[in-house]
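Let's take a stroll through a protein model together. Keep the picture open while you read, and look for each part as it comes up.

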Amino acid sequence: TSRVSAANMRLKLGDAAAACAAYESMLCDDGGSAMPDRIRQLTERKREEALSALAEAERGQSSRASFWATLGGEGGGGIAARTTTVAQRRIEARWRESEPAAAPATADALKAAGNARNQAGDAAVAKLLYSAAYALSGRLELRLSAANMELKEGGPAHAAAALDEYDRIAA
């Protein structure tokens with residue numbers, strides 16, 4: 001489906017968090033029973049790839065450079081802190097257009113999950129959920145929430161990434 005293709009592109013562009021959220025959303029819609037077995041199996045496999053990329057980054061078992069090389073991107077900033085490219089914005093717009101009825105509800109569900117993770121003190125996962133919700137909806141408050149979670153993670157690198165994101169939001 002177009003949603004699987006859009007999620008695959010997100011993963012290829014280095015946004016494993018949004019890709020993972022998209023795969024999860026597709027599999028949760030009707031328990032994945034509405035999609036053909038071949039597509040469901042592909043979606044499950046790609047979700048595992050996205051989870052592995054996220055886990056590898058969080059564990060810090062690889063350097064930032066090798067992580068970005070694995071995902072086909074360039075160094076600098078975290079997953080949510082990378083500058084959004086024109087191609088990513090086009091993909092996000094197509095994704096929102098491909099499933100216009102499902103996108104708001106999915107974004108709201110991702111926001112609620114982000115709120116829950118934030119309340120539980122898990123800013124890193126909350127940031128990923130807010131970023132995925134923003135990718136689906138384009139609502140700036142979700143992008144701001146993701147930047148806030150970046151800042152909440154603490155440390156100079158996260159503060160710099162959050163500041164960069166705040167500047168991009170204000171621009």
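The model you see is a predicted one, and it contains 12 salt bridges in total. Here are three of them, with the N to O distance for each pair.

| Positive partner | Negative partner | Closest N and O atoms |
|---|---|---|
| arginine 45 | glutamate 49 | 2.9 Å |
| lysine 127 | glutamate 153 | 2.8 Å |
| arginine 143 | glutamate 165 | 2.5 Å |

Start with arginine 45 and glutamate 49. Both sit in helix H3, 4 residues apart, which is about one turn of the helix. Glutamate 49 is partly exposed, with a relative accessible area of 33%, and arginine 45 is partly exposed too, at 46%.

Now for lysine 127 and glutamate 153, which meet in a salt bridge. This pair links distant parts of the chain: lysine 127 belongs to helix H7, while glutamate 153 is in the loop between helix H8 (140-152) and H9, 26 residues apart. Lysine 127 is buried, because its relative accessibility is 7% and buried means under 20%. Glutamate 153 has 28%, so it counts as partly exposed.

What about arginine 143 and glutamate 165, whose side chains also meet in a salt bridge? Arginine 143 lies in helix H8 and glutamate 165 in helix H9, so this pair ties together parts that are 22 residues apart in sequence. Are these two residues buried or exposed? Both arginine 143 and glutamate 165 are buried, and for glutamate 165 the relative accessible area is 9%. Glutamate 165 has another partner as well: its side chain makes a polar contact with the side chain of arginine 168, at 2.6 Å. You'll find glutamate 165 within the stretch 156-170, which is helix H9.

There is also a salt-bridge network, and it links Asp37, Arg40 and Glu44.

Time to zoom out. How many helices and strands does the protein have? The count is 9 helices and 0 strands. Of the 171 residues, 39% count as buried. The accessible surface comes to about 8,700 Å², and 54% of that belongs to carbon and sulfur atoms. If you take contacts between residues at least 6 apart in sequence, 51% of them join residues at least 24 apart.

Next, look inside. In soluble globular proteins, nonpolar side chains tend to be buried together. The largest nonpolar core here has 17 residues, and Leu11, Tyr23, Met26 and Leu54 have the most contacts inside it. Helix H1 (2-12), helix H2 (16-28) and H3 each supply at least two residues of this core, with H2 giving the most, 8 residues. Apart from that core lies another one, made of 16 residues, including Leu110, Ala132, Ala133 and Ala146.

Tyrosine 23 is also worth finding alongside leucine 42: they are 19 residues apart in sequence and 9.7 Å apart in space, C-alpha to C-alpha. Leucine 42 is part of helix H3 (residues 37-59), and at 25% relative accessibility it counts as partly exposed.

Finally, go back to helix H7, which covers residues 123-137 and reaches 21 Å from its first C-alpha to its last, close to the expected 21 Å. H7 is mostly covered, with 12 of its 15 residues buried. Among those buried residues are Lys127, Ala132 and Ala133. After H7 comes glycine 138, which has a positive phi near 75°.

Definitions and conventions. Residues are numbered from 1 along each chain as its sequence is written. This is a predicted model: local features need pLDDT of at least 70, side-chain atom pairs count only at pLDDT 80 or more; totals for chains, interfaces and linings use all residues. Side-chain values use heavy atoms; hydrogens and water are left out. Buried means under 20% relative accessible area, exposed over 50%, partly exposed in between (1.4 Å probe, protein chains only). A polar contact is a pair of N or O atoms within 3.5 Å; within protein, one must be able to donate a hydrogen and the other to accept it, and residues adjacent in sequence count only if both atoms are side-chain atoms. Contact means heavy atoms within 4.5 Å. Accessible areas come from the Shrake-Rupley method with a 1.4 Å probe; for residues, only the protein chains shown count as cover. A nonpolar core is a set of buried Ala, Val, Leu, Ile, Met, Phe, Trp, Tyr and Cys residues joined through side-chain atoms within 4.5 Å. The expected span of a helix is 1.5 Å times one less than its number of residues. A salt bridge is a side-chain nitrogen of Lys or Arg within 4 Å of a carboxyl oxygen of Asp or Glu.
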